[in-house]
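Colleague: I'm new to this one. Could you walk me through how to read it?

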Amino acid sequence: MAAAADEPEAPTKELDVACGLENVPVTAWPPGAAPEPFQYTAGPVAGPGADADPTQLALPGCRCRRAACRPGPCACQPRGRHYEEGARLALLLAAPAPRAPPVFECNALCGCADACGNRVVQRGLQLRLQVFRTERKGWGLRTLERVPRGRFVCEYAGEVLGAAEARRRARAQTAGDRNYILAVREHAGGGRVWETFVDPARTGNVGRFLNHSCEPNLLMVPVRAHSTVPRLALFAARDILPEEELCYDYSGRFLNPSDREDQEPLDDATPRKPCYCGAPACAGRLPYDGSLYRAPEDGEDGDAGGAPAGPSAAE
């Protein structure tokens, strides 16, 4: 009988960062390495101070009776089709517009079938992604397959917070902490502004590993399906090659002219962390939005306010 030392070792099971909660496993590189522990969730969850529960069905459905809805008659697509052939976001395949129309997917109350082409983000992760160690930016996220322009890649999911809790967490951070808090501002009619705060630091998905780039290959778009709380969906802004790192613009200004106009100019004296995106047009510093670090002004509701910028120190 051969000695135990001569027996072949059993193959090591490949790590799934998503813990089996996604449609496809999310691997990690290099082998044997693993990111810091956190609670995985495939979608947004209600956190402290959230105005609404993102898991509750709160939007009405369309009355379509076809297997696939037709834009126009469909109440979820009154202004035209949200997704083109191949489940690609129409917004990214058309000419740029001053303000992007809102994206509403069909939901559980709609009369159409689950195979309707207006159900994309809610189906979850479909691509093979990998969390990997970068040279200078800590952990990052890359695709293991080709991604055509307009294709849904992943969400930025985590705890949905109230503005007061988002400010409290931001102020509690030290200089060495990574900031995952994302503040998104949507402009509605009549000057109304809808703000969403998401923090995947403790509970989140693969989106928490996305690094910033001054020339990103992803665009973040708020998409609503079952809840009034938007899902912060990331789509390919161009064709992306296998093993290419996935990045988005933390400032929210990429392909977003209205956001560029609405943001206040950055104070050059504000201390910011260096950017290592390596893009030819790199600004040299990560975007920074200080609104979460400022106390509400007199007369301002403590649960109002926010920032259109993304994480200021995730790299």
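Modeller: Let's begin at the hairpin of S11 and S12, keeping in mind that this is a predicted model. Five residues sit between the two strands, and one of the residues in this hairpin, Gly190, takes a positive phi near 70°.

Colleague: Which way do strands S11 and S12 pair, and over how many bridges?

Modeller: Strand S11 covers residues 182-187 and strand S12 covers residues 193-204. Their pairing is antiparallel, with six bridges. For a spot to look at, find Val184: across from it in S12 stands Thr196.

Colleague: And how should I think about side chains along a strand?

Modeller: In a regular strand, side chains alternate between the two faces of the sheet.

Colleague: How many helices and strands does the chain have?

Modeller: The chain has three helices and 16 strands.

Colleague: What share of the chain counts as buried?

Modeller: Buried here means under 20% relative accessible area. By that cut-off, 47% of the 315 residues are buried. The accessible surface adds up to about 16200 Å², and carbon and sulfur atoms hold 50% of that.

Colleague: What about contacts between residues separated in sequence?

Modeller: Take the contacts between residues at least 6 apart in sequence: 70% of them join residues at least 24 apart.

Colleague: How many cavities of 30 Å³ or more does a search find?

Modeller: Four, over the whole structure. The second largest has a volume of about 50 Å³. Its lining includes Glu22, Ala42, Phe152, Cys154 and Asn205.

Colleague: How does that lining divide by residue type?

Modeller: Around the second largest cavity, five lining residues are nonpolar, two are polar and two are charged. Glu22 and Glu155 are in the lining, and Glu counts as charged.

Key. Residues are numbered from 1 along each chain as its sequence is written. This is a predicted model: local features need pLDDT of at least 70, side-chain atom pairs count only at pLDDT 80 or more; totals for chains, interfaces and linings use all residues. Side-chain values use heavy atoms; hydrogens and water are left out. On a 1 Å grid over the protein atoms alone, a cavity is a set of points where a 1.4 Å probe fits but cannot get out, and a pocket is an open set with protein on both sides within 12 Å along at least five of seven lines; lining residues have an atom within 4 Å of a point. Grid points are joined across faces, edges and corners, and a volume is the space filled by probe spheres set on the points. Two strands pair if DSSP finds at least two bridges between them. Helices (H or I, at least four residues) and strands (E, at least two) are DSSP runs, numbered from the N terminus. Buried means under 20% relative accessible area, exposed over 50%, partly exposed in between (1.4 Å probe, protein chains only). Contact means heavy atoms within 4.5 Å. Accessible areas come from the Shrake-Rupley method with a 1.4 Å probe; for residues, only the protein chains shown count as cover.
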